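Please look through the structure shown here slowly, with the sequence beside it. The paragraphs after it are meant as a guided walk for someone reading such a model early in their studies.

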Amino acid sequence: MNKEAYLEQIAATRDERMRWWREARFGMFVHWGLYSQLGRHEWVMNRERIPVAEYEKLADTWHPKERPAREWARLAKQAGMKYIVMTTKHHEGFCLWDTQQTDYNAVKRGPQRDLVREYVEACREFDLKIGFYYSLMDWHHPDGAACAQDEAARRRFLDFTQGCVRELMTNYGKIDILWYDVSWPLQSPELWESVQMSSMARALQPHIIINNRAQLDEDFGTPEEHVTAEGPGRDWEACMTFNGSWGYMPYAPAEDWRRPREVLEMLRTAAAGQGNLLLNIGPAPDG
């Protein structure tokens, strides 16, 4: 299926699939990964040029406490949030679920358990819709950068990427949102095979809602760190931090933290503009 036919097809079912999301208006974003142990922003591996072999050691020293996702879900419910989106794999490449695509995952390494499954179970316990964030960019995979220059590397990396998405869409029951991020380094949806990948996700999860970050204008736009409508007739969700960092960063200066009144204003602006607010938390290493 070509891009135009795909977008026309999903438009036909969008109103039905988006009904709950348009009523929700408020969700929680959760950025949690190996970077939480360093506490210096989720891009710390890239910003500080930490070599892969050195950064990898964090996978064996991460030992979260028992089921912290229940606390996040309880907090979301108390705050009036209707859904959560959690990072299943951020740019660092560490997978939080029991994947067969790589041993660099939470079951084979430090946590020794499926953190995505715990998150899904917590959302269901508190009657919250479930979203999976998945970073297309991958600093750990050997083909994550090479795929832009080498066709064999691109094929291997796309097989890995599609395998990860297939597992996430298959292993956890009904999932409500697929939230792609950072489509680097490939420069077109054709190179990413985005239509094929999202079509596969939709075949496995017919009610799924997908964002616009795989270089396709799918179900909703994602303004980041600004609460701005995407334009008339376009669904949008502003994703916002409390202090400029998505990951755990306890030492951010006081002036970077948003006041409660600012957060309320963000929610009011989003809801008044027929958009949603996805407000982020960055849990500590233990959760």
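What follows goes from the sheet to one of its strands, and then to the aromatic rings.

This is a predicted model, and a good place to begin is its open sheet of seven strands, which pair in the parallel sense and follow the order β5-β4-β3-β2-β1-β7-β6. The edge strands of this sheet are β5, at residues 209-210, and β6, at residues 237-240, each of which pairs on one side only. The partner of β6 is β7, residues 276-281, and the two are joined in the parallel sense over four bridges, with Ala 238 standing opposite Leu 277 of β7. Across β2 (83-89), β3 (129-135) and β4 (177-181) lies helix α7, residues 151-170, which runs at about 170 degrees to β3.

Strand β1 deserves a longer look. How many of the five residues of β1, residues 26-30, are buried? Five of the five are, and the strand is described as mostly covered. Both of its faces are covered, with Phe 26, Met 28 and Val 30 buried on one side, while Gly 27 and Phe 29 are buried on the other. In the sheet, β1 pairs in the parallel sense with β7 over five bridges, and here Phe 26 stands opposite Leu 277. With β2, strand β1 pairs over four bridges, again in the parallel sense, and the bridge partner of Val 30 in β2 is Met 86.

The aromatic rings add another layer to this picture. A pair of aromatic rings is described by the distance of the centres and the angle of the planes. The model has 16 aromatic pairs. In one of them, the rings of Trp 43 and Trp 139 have centres 5.1 Å apart and planes at 70 degrees, and because an angle over 60 degrees counts as edge-to-face, the pair is edge-to-face. Trp 43 lies in the loop between β1 and α2 (44-47), whereas Trp 139 lies in the loop between β3 and α7, so the pair ties together parts that are 96 residues apart in sequence. Trp 43 is partly exposed, at a relative accessible area of 28%, while Trp 139, at 15%, counts as buried. Elsewhere, ring pairs link Trp 32, Trp 62, Trp 72, Phe 94 and Tyr 104 into a cluster.

Finally, some rings have a lysine over their face. Lys 89 lies over the face of Tyr 134, at 4.7 Å from the ring centre, and Lys 129 lies over that of Trp 20, at 5.4 Å from the ring centre.

Methods: Residues numbered from 1 in each chain as written. Predicted model: local features only at pLDDT ≥ 70, side-chain atom pairs only at ≥ 80, totals over all residues. Heavy atoms only, no water. Pairing = 2+ DSSP bridges. Contact = heavy atoms within 4.5 Å. Axes fitted to C-alpha atoms, helices over the stretch in contact; angles between N-to-C directions. Buried < 20%, exposed > 50% of the residue type's maximum accessible area, 1.4 Å probe, protein only. Phe/Tyr/Trp six-rings, centres within 6.5 Å; stacked < 30°, edge-to-face > 60°. Lys NZ or Arg CZ within 6 Å of the ring centre and 35° of its normal.
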